[in-house]
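Q: Could you take me through one part of this model up close? I'd like to look at a single sheet and what sits around it, with a bit of context on the whole chain.

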Amino acid sequence: MKYKVIFLLIIVIMFNGIINSRELNELAIVSAMGIELNENGEYVLTAQILNPKKSGNSSSGGGSSADGAIVTVYTNSSESVQNAVRYMIKESPQRLYLAHMELLILSDELASSKEITDTLDFFIRDNEGSSNFTLAISKDCNPSDVLKTLTPLETVPTENIINSIGAARKYQGISVDKLLMEQLEVLLCDGKEMVVTSISLDGEEDGLQKEEDLATTNVDTKIVIDDLAYFKGNKLKGYIEGDDNIMYNLLTNNLQNSVINIGEEKDRIAAEIINSGCKMKPKRENGEYIIDIDINVECNVTELGENLSTKDNLEKITKDINNEIKSKVSKFIYNTQNVYESDVIGLENVFYKHLNKEYKLIQKDFNEKYFQKIKTNVNVSTKLPDEGGIVKQW
């Protein structure tokens, strides 16, 4: 009798996963999703769905989504995200399966008018989904148009967008590629605002596929990784501009590679940042709150003007790079305090972590009374290679 019970338990455990099993052809595998608002204030949900039959027959090295039918796009609207997902079955012959979703795009109108936690609530609670996807904002365009846009280098458009976001961070330092749970950690963190990569469209919208055709065919429009979108509280407030995108990643230790251009013509310097680190230390002196910011960068000098091509100018070049980075960092910090009015680099969080007793005294009024008045001392140390063209004698 004992062995029979043990045998039955083993059988139950082995076959337990089969109870809720479903065949692949019963599911619509979502690669990306976009959410925007319609004129009635309802959620408009666009799902980019993989066609496993077509993608399985396509070679990894040839073709593009322009060949059609690698992905299909469906759209539905409802007063809640869950309803929009559930009733997508009216258009899709299979139920949407979100476990393999890689990208979620929110329209800037939605992100600025509704608290982002309300929109993301469904994806956080969905026990069948996954939080391992990238969050992005569509800038001056609708997510539905982005998901209907063809991409030339990848068979699945979502892969192209994900790769573009990663490349923009790795080689330009102008984007962030954090997954949803990483973004939520920032959102729930004391004294730091969320920053998200934005996506825009460059080109004519005439090439967009008509909605009734349900497939992506826009060959005249390109997807562009745009300025970082910054939040205040739970709502989108605006976009970081120009070199401030690079300085954000530098100050948050998220910069892998970027280029700093200094001077013009014969005095021109192009320096490639290949490594960087930033430390912040708060203090209070003479009744003022101050943060010392120490930045260390390692650079390759990739271009030089005629006046700066000898070993004797090495010290001057290093000093110029230090001053340029310091100037850009100081400008960015000023903009966060007075233009963006959002603590995207987490100055408040620095006080919370490293000067907690002082922080508790000003915590309640930090944003209204203290944030704009915090002073910073920026120190930059640049290391240049001791070999190569920079020290070569001509």
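Here is a walk through one sheet, its surroundings and the chain it belongs to.

A: Keep in mind from the start that this is a predicted model. The sheet to look at has 4 strands, running in the order β10-β11-β12-β13. It is an open sheet, and its pairing is mixed. At the two edges you'll find β10 (258-262) and β13 (375-383), each of which pairs on one side only. On average, neighbouring strands here are turned by 40° against each other, if you ignore direction.

Start at the β10 edge. β10 pairs with β11 (residues 269-285) in the antiparallel sense, over 5 bridges. To find your place in the register, look for V259, which stands opposite E272 in β11. Now bring in helix α11 (residues 347-354), which packs on the sheet and touches both β11 and β12 (288-304). The direction of α11 makes about 55° with that of β11.

Two cysteines are worth a stop. C278 is buried, at a relative accessible area of 9%. C299 is buried as well, and its relative accessible area is 1%. As for disulfides, the count for the model is 0.

Next, step back along the sequence to helix α9 (residues 244-251). All 8 of its 8 residues are buried, so α9 is largely enclosed by the rest of the structure. The buried set is a mixed bag of names: D244, N245, I246, M247, Y248, N249, L250 and L251. After α9 comes N253, which has a positive phi, near 55°.

How does this fit into the whole? The chain has 394 residues, and 47% of them count as buried. Its secondary structure comes to 13 helices and 13 strands. Among contacts with a separation of 6 or more, 71% are between residues 24 or more positions apart. The accessible surface comes to about 21,000 Å², with 45% of that belonging to carbon and sulfur atoms.

Finally, a word on confidence. The average pLDDT of the chain is 83, and 79% of the residues score at least 70. Two stretches call for some care. Over residues 58-68 the pLDDT stays under 50, and the model gives them 16 contacts beyond four places in sequence. Residues 206-217 also have a pLDDT below 50, and this stretch has 30 contacts in the model beyond near neighbours in sequence.

Key
Residues numbered from 1 in each chain as written. Predicted model: local features only at pLDDT ≥ 70, side-chain atom pairs only at ≥ 80, totals over all residues. Heavy atoms only, no water. Buried < 20%, exposed > 50% of the residue type's maximum accessible area, 1.4 Å probe, protein only. Pairing = 2+ DSSP bridges. Axes fitted to C-alpha atoms, helices over the stretch in contact; angles between N-to-C directions. Contact = heavy atoms within 4.5 Å. pLDDT = per-residue confidence, 0-100. Disulfide = S-S within 2.5 Å. Areas by Shrake-Rupley, 256 points an atom, 1.4 Å probe, with all protein chains shown as cover.
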